[in-house]
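Q: Could we go through a model together, so that I learn how to read its sheets, its helix contacts and its buried residues?

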Amino acid sequence: MARAKQPPTSPSSPPTAFSYLRFSNPTQADGDSVRRQLDLRDAWLARSGAVLDDSLSMRDEGVSAFSGAHRENPDRNALAAFLELVRRGRIPRGSYLIVESLDRLTREHIRPALTLLLNLIEQGVRIVQLLPTEAVYDEQVEPMALMMAIMELSRGHAESRMKSERLGRAWGEKKRRAAAAGVPMTRAVPSWVRVEGGRFALVPERAEVVRRVFALATAGHGLGAITKRFNAEGVPPIGRAGAWARSYVFKILSSRATFGEFQPHRGHSGPDREPDGPAVPNYFPAVVTEDEWHAAQAAIAARKGRGGRTPTGRVGIFSGLLHDARDGGSLHVVNKGGKAAGPALVSYKAAQGVPGARYVSFPLDTFERAVLSCLREIDPREVLPDHDAAADRAAVLAGRHAELEARVAEIQAQLVAGGHLAPLVEVLRQVDAERDRVGLELAAARRESAAPLSAAWGEARGLVDAVETAADPTEARTRLRAAVRRIVEGVWCLFVARGPVRLAAVQVWFAGGAHRDYLVARHAGHGSQSSKRPPRWWVRSFADAGADLGLDLRERADAKKLDRLLARVDPERLGG
């Protein structure tokens with residue numbers, strides 16, 4: 001074994017020493033571990049004449065060395081910061097790194113552990129081991145001493161591996177009992193659950209609030225709307241804050257614990273925390289069904305990137321779906337007010353003065369009434385897919401995801417068994433990325449299958465008539481908007497001004513690829529103040545209006561063709 005070497009005794013430049021302390025359990029900071037490591041270090045410094053550089057904080061408290069994570073993230077881990085300084089040449093060659101024993105430096109598998117040791121030596125850092133026997137490993141290390149270092153590193157890894165396996169078996173037994181008998185694994189529970197007599201139970205009043213959150217989200221209410229409603233109604237918050245917040249509403253809606261699933265994790269909070277094995281189904285008592293959870297996710301996904309209320313303060317039924325066929329941009333609502341026609345739809349690009357965009361408005365009320373009246377008359381069997389493709393796609397994706405899960409487990413087993421490291425790690429990275437991609441597609445397919453298009457269509461048709469007569473018009477419009485967003489992918493519009501007449505060519509594209517085309521005309525009122533004729537409107541299909549040219553208004557060239565046609569024809573003749 002290489003004994004501690006005496007450093008050069010030049011009085012002008014004594015060698016520099018850095019001391020690294022590490023312990024895996026934060027509670028060890030209050031025990032004897034730190035004192036023992038410091039006493040051994042100070043004794044070596046007194047004998048060697050090296051000078052301790054304490055400008056670096058070289059302590060990793062509550063950090064395990066088994067996985068190698070302590071060598072990553074210099075902003076969080078002391079050893080990682082030291083290794084980065086070594087790499088950049090900021091640690092002078094010939095400096096000492098003092099550790100109580102080599103297992104303080106690392107408890108990884110012998111290959112990365114030995115690589116760490118040899119790389120430090122190669123970069124001029126002399127490793128001082130104080131226990132079980134004092135030794136210095138440097139560029140002149142003897143083969144026998146290096147063999148003893150390998151044995152010491154292997155011992156540390158073996159101890160940690162055995163501990164990990166024991167804990168894994170204990171945790172696995174807890175998960176088995178949890179899945180089989182509903183025995184709590186920990187006392188950490190969602191805010192709507194409590195532990196009674198060693199079993200989980202719902203907190204009735206809180207569970208009811210969670211159900212209401214899901215009902216409102218599925219009906220089309222956004223996070224902000226739910227938050228404001230609960231705070232205005234004085235609904236007691238079920239989180240730690242004193243009031244409802246968007247973030248907590250989102251936390252409830254995204255939590256799979258609401259339908260009983262529990263995902264064990266390992267590691268502390270933050271980037272080190274990761275799932276530990278498969279999720280445990282039926283662990284918590286369910287507040288909602290899994291279908292209800294997926295239906296809420298579908299409603300949330302339908303709202304992304306789409307507005308809610310118009311400048312009038314009214315819920316926009318077609319918000320986020322309307323496009324200007326001339327410029328390809330979106331349509332938005334302007335509130336003209338006064339003696340004008342009230343809220344109107346215009347091209348957003350035109351309103352911003354974008355060159356080439358044309359500012360032609362169309363009254364919002366007329367547009368909504370005309371298009372909704374047409375949607376109400378459509379036979380959904382003519383525009384919806386023959387069957388629920390989302391359910392079929394979910395089944396296929398679930399099978400593929402299970403295959404990839406098995407493949408990941410197989411590669412991990414090969415790594416543990418000592419397979420060829422570099423190629424296996426690359427394959428694992430690729431398979432893991434594919435598994436994550438398929439998982440996202442599977443989640444989307446499950447959301448869609450939980451909210452079938454036929455159900456959304458039925459709800460939309462039932463709500464069209466209720467919008468004007470409902471006791472709570474805002475609630476009715478919100479629910480109708482949610483249903484429309486499920487069945488409609490986009491609405492492309494071409495507005496044309498012909499004197500007192502405004503024409504709107506409207507092409508509605510449905511989920512599944514079908515579309516319907518309509519022409520809406522609004523005649524402005526005219527005459528003297530005493531005999532003024534009120535505005536009137538009509539709506540026809542393109543075919544009935546003689547404008548069925550097989551055009552796709554999503555294509556700018558087709559929009560131009562229709563624009564030229566509508567600029568020439570007599571609006572009165574179009575309306576029959």
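**Reading the sheet and its neighbours**

A: Let us begin with one facing pair, bearing in mind that this is a predicted model: Leu-322 stands opposite Val-491 in strand 16. The pair belongs to a wider pairing, in which strand 12 and strand 16 (residues 488-498) run in the parallel sense over 3 bridges.

Q: In what order do the strands of the open sheet lie, and which of them stand at the edges?

A: An open sheet is read from one edge to the other, and here the 5 strands follow the order 12-16-17-18-19, with mixed pairing. Strand 12 (322-324) and strand 19 each have a single partner strand and therefore stand at the edges, with one side of each left without a neighbour in the sheet. From one strand to the next, the twist averages 25°.

Q: Which helices pack on the sheet, and what angles do their directions make with the strands?

A: For a packed helix, one reads which strands are touched and then the angle to a chosen strand. Helix 11 (residues 364-377) touches strand 12, strand 16, strand 17 (501-510), strand 18 (515-523) and strand 19, and its direction makes about 35° with that of strand 19. Helix 16 (residues 473-487) also packs on the sheet, touching strand 16 and strand 17, while its direction makes about 100° with that of strand 16.

Q: How should I read the crossing of helix 6 and helix 7, and what is its handedness?

A: One takes the approach of the axes together with the crossing angle: the axes of helix 6 (residues 204-218) and helix 7 (residues 223-233) come within 11 Å and cross at roughly 135°. That angle is why helix 6 is described as oblique to helix 7, and the crossing of the two is right-handed.

Q: Which residues meet there, and how do they divide by character?

A: From helix 6, Val-209, Arg-212, Val-213, Leu-216 and Ala-217 meet Ile-226, Arg-229, Phe-230 and Glu-233 in helix 7. The residues of this contact divide into 6 nonpolar, no polar and 3 charged.

Q: Turning to a loop residue, does Asp-552 count as buried or exposed?

A: Relative accessibility settles the matter: Asp-552 has 16%, and because buried means under 20%, Asp-552 counts as buried. Asp-552 is found in the loop between strand 19 (536-541) and helix 17 (556-568).

Q: What does Asp-552 touch, leaving aside residues up to four places away in sequence?

A: With those set aside, Asp-552 touches Gln-507, Trp-509 and Asp-558. Sequence separation and spatial distance can also be read side by side, as with Asp-552 and His-515, which are 37 residues apart in sequence and 9.5 Å apart in space, C-alpha to C-alpha.

Terms used:
Residues numbered from 1 in each chain as written. Predicted model: local features only at pLDDT ≥ 70, side-chain atom pairs only at ≥ 80, totals over all residues. Heavy atoms only, no water. Axes fitted to C-alpha atoms, helices over the stretch in contact; angles between N-to-C directions. Helix = DSSP H or I, 4+ residues; strand = E, 2+ residues; numbered from the N terminus. Parallel < 35°, antiparallel > 145°, perpendicular 65-115°, else oblique. Left-handed = near helix turned anticlockwise from the far one by under 90°. Contact = heavy atoms within 4.5 Å. Nonpolar A, V, L, I, M, F, W, Y, C, P; charged D, E, K, R; others polar. Buried < 20%, exposed > 50% of the residue type's maximum accessible area, 1.4 Å probe, protein only. Pairing = 2+ DSSP bridges.
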